[in-house]
Amino acid sequence: MCSNVAMGSASLLKIIICQKSSMSFFHRGLSALFPRKPFLCKPLVPHSSVRFLCTRDSNFSSGRWTDRKHDGRTKNTNRHKGQEWDDAVHGGRMRNSSPRSVFAAGTAKRTAEWQRRNSPLALGDKEEQWDQSADRSRKAGEMQPPDRPLSVAEWRKVKENLGNSQRFEIQMMCAMFTSCTQLDVAKSLLTFVAMETGTLSYELLLRYLALCVSGGHDAEVSEVYDIMRGSFASLDTGASTLFIKSFSRTERWREALHILSEVKRVLTPSARNYGDIIAGAVEHGDAATGWALYEELIGKGLSPHEETWDALFKRRSISQPDDQDKLLQILLYMRDNQIYPGHSLASTIKTWFESLPGETWTGSWTRATTKGTCGCCKSELESIQLTAAEYQQLKDRVMTDILQGRDVFTKTTPKELESFRSFVKRKPAFDVVVDGLNVANINQDKSRQSKTLLAVVSELQHQGLTVLVLGRRHMLQPSRSWVRHDMNLVQQKAHCFFTENISEDDPFLLYATLFSGNHCRFVSRDLMRDHKACLTDAATRRLFFKWQRGHQMVLDGSVSAARGIRFLSVPSYDTIVQSSEDAWHIPYDDTEDRSTYEVPQRWLCLTKRGEMAAHS
C-alpha cells in the first residue's frame, strides 16, 4: 500500500501555492489537491499435607437424614427452621436479610466509591487525581485545535511553537477528532500539509475521514472515498469500516455491500459492519437485504449491536407477517444469551408491540417484587432455581473444568484433593458452605477474625443448618487474630476442613456446595469470576451465573454485636427475558453503572390488555 498521496503534477502544486489565499480550498473540496487516477480494486490488507478437623462426625443436628440415595441431598424434618432459612436467603422477613443484592446493577460501583471515600489514602488519592488532571490539561493545551481555519503561515507558526514534531499533523488531526472540530479547520490543516510537503499521507487522510464520519459529513466522505480509491492500492479495515458506516446513511448504501464483500476476502467483518448496512437497508426500504445480512451475522457467531436491533424494530412500515416472527426471535436470542437491552431499545420494543395491527398490547415500566412477581401485571416470574437437568449439567461441567482442570494442582495437591472428596462423601449433605477466611476478613479490625467467623457460624447453626467451614491451616495456629477458644467453638458448631496455606479454597467450596445438592448455598464475598471464566462454553457460564445468583450469600457490611449478622438478598426469580402466551417481561438497563456480573433492576412488562385486566 502506498503511504502517501503525492501531488500529481508540478503544475497542480504550483497553482495551489500561487493562490492569494489558501482559504479557497475550504470551499472547493478535498479533490482540489488530487488528480484522478484509475481505481485500484485489490483485496484489503488488514494492517503439602492435608489436615482437617471434624467435631461433628456423628453428632449432627437432630431431625436431619443423612441418606445420600437422592443425589446426596438431605431432608430437613424441622419445617419451622427450614422456613426461616428460606426466608433468610430469599430476602423475606428475617432480621438478617437486606433487600439489596450483590448482583444488582450499580452495586459494584457504589461499593467501590464508598470504599474509596472511607479509605485512609483517599485524600492522597484525590491529590494524585488532581495532579493527573492538571497534567492532562497541560498536555491537552499543548495540542489544542484552533477555533477557526488558519492560513499556511499561521499553521507553520503553530507547528514551530509546538517543537516542529514530525507527527504534528497526525497529532493535531487526532486532537480535532477528540474536540469535534469544525471541518473547515481540519481542511485548513490539510492545505498546510499539502503545501509544505506536496503529499498527504494515508494515515492523515484516515484521521480526517474519521472526523468526517463522526461529524456526519457524508458528502465529504464520498469525496474522500473516491480519492483514496484512486490513490491507494487497497484500504485497511479501519477505512473500510468508516466508509461502510457513512455510506449506509446515504443513497450510496448499496456501495457499502461492495466494501463488505472486500472485507470478507481477508477476514470476518465485525458486527458493527453488518449492523450499519442492515440499518441502511431497512432505512431505504430493502427489508429482505437487511434480514439476509442479519441472518449472516448470526450465522457467523457475532453478537448484534443494540443499534441493529433498534433499526429492525423501528422499521415497522416495511415489516411483513413473517418479519414479526423474526423480531420475536430477537427477544429469544436476548434470552438465550442473557442480554439486557438499554432503555432506548426497550422503548422501541414497547412501541413496536403497542403498534401491532389487530393486537392490543400495552407496555409498562416496572420492578419485580421480592416475592418474584411482576410489579405491574402481578404474574410470577421464572424461578432462579435450576431444573434437575440444568443442575446436573452444571455440576458435571464444574467438576470437569474447575475442579479437575489442567491447572487444578497449581491450587492444591492430588493428596489434598482426594482427602477432601473422601471427607465430603462421608459427611451429611451440607445446607451451607462457608468460605472461612473470606468471611473472617469482612471487618477492618483484623485482630478479631476468629470472633467474626464464630459469629457468622453461630447464626447459621442457630437456624438449624448443617454448616461446612472451609479454612486454611494457619487459622488453627493461636494468635491475636485467631483465638484458640473461638476456633474450638467453630469446630463444635460446624464441620471444618482446613487446607494447606498455599491452596486455593474456592474450588473446594464449589465442589462441596454442588455435591451437597441444589438446596445447598455458600457464603462468600468472592464473586467467582475467575472460576466462571474456566468453564469452556458460554451456555454453562450462563448456568453458573444463574446458579450463583440463587445460591451465594453475601454478608451485608461488617459483623458486630450491635449490627448482628445480615445477608444481602438472594433473589427468588431469574433476571432474563421471559414470555408466556399473552405476556413478555424484559429486564432492561437503566444505568451505565452495571458491571458485567450484575443484573438490571428495571423491567418492561408487555401484556395484552385482556390478560392484564385478568391479573388486576
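This passage describes a four-stranded sheet with a helix packed on it, and a pair of helices, in a predicted model.

The sheet is open and antiparallel, and its four strands follow the order β4-β13-β12-β11. Strands β4 (361–366) and β11 (578–580) each have a single partner and stand at the edges, so one side of each lacks a neighbour in the sheet. From one strand to the next, the twist averages 15 degrees. The pairing of β4 with β13 (residues 602–608) is antiparallel and comprises six bridges. Within this pairing, S364 has C605 of β13 as its bridge partner. Helix α17 (residues 343–354) packs on the sheet, where it touches β4, β13 and β12 (583–588). The direction of α17 makes about 155 degrees with that of β4.

A second arrangement involves helices α9 (residues 202–214) and α10 (residues 218–231), whose axes come within 9 Å and cross at roughly 160 degrees. Because angles over 145 degrees count as roughly antiparallel, α9 is roughly antiparallel to α10. The crossing of these two helices is left-handed. On the α9 side, the contact is formed by Y202, L205, Y208, L209, C212 and V213; the residues that they meet in α10 are E220, V221, V224 and M228. Classified by residue type, the contact between α9 and α10 contains nine nonpolar residues and one charged residue, with no polar residues.

Note on methods: Residues numbered from 1 in each chain as written. Predicted model: local features only at pLDDT ≥ 70, side-chain atom pairs only at ≥ 80, totals over all residues. Heavy atoms only, no water. Pairing = 2+ DSSP bridges. Axes fitted to C-alpha atoms, helices over the stretch in contact; angles between N-to-C directions. Contact = heavy atoms within 4.5 Å. Parallel < 35°, antiparallel > 145°, perpendicular 65-115°, else oblique. Left-handed = near helix turned anticlockwise from the far one by under 90°. Nonpolar A, V, L, I, M, F, W, Y, C, P; charged D, E, K, R; others polar.
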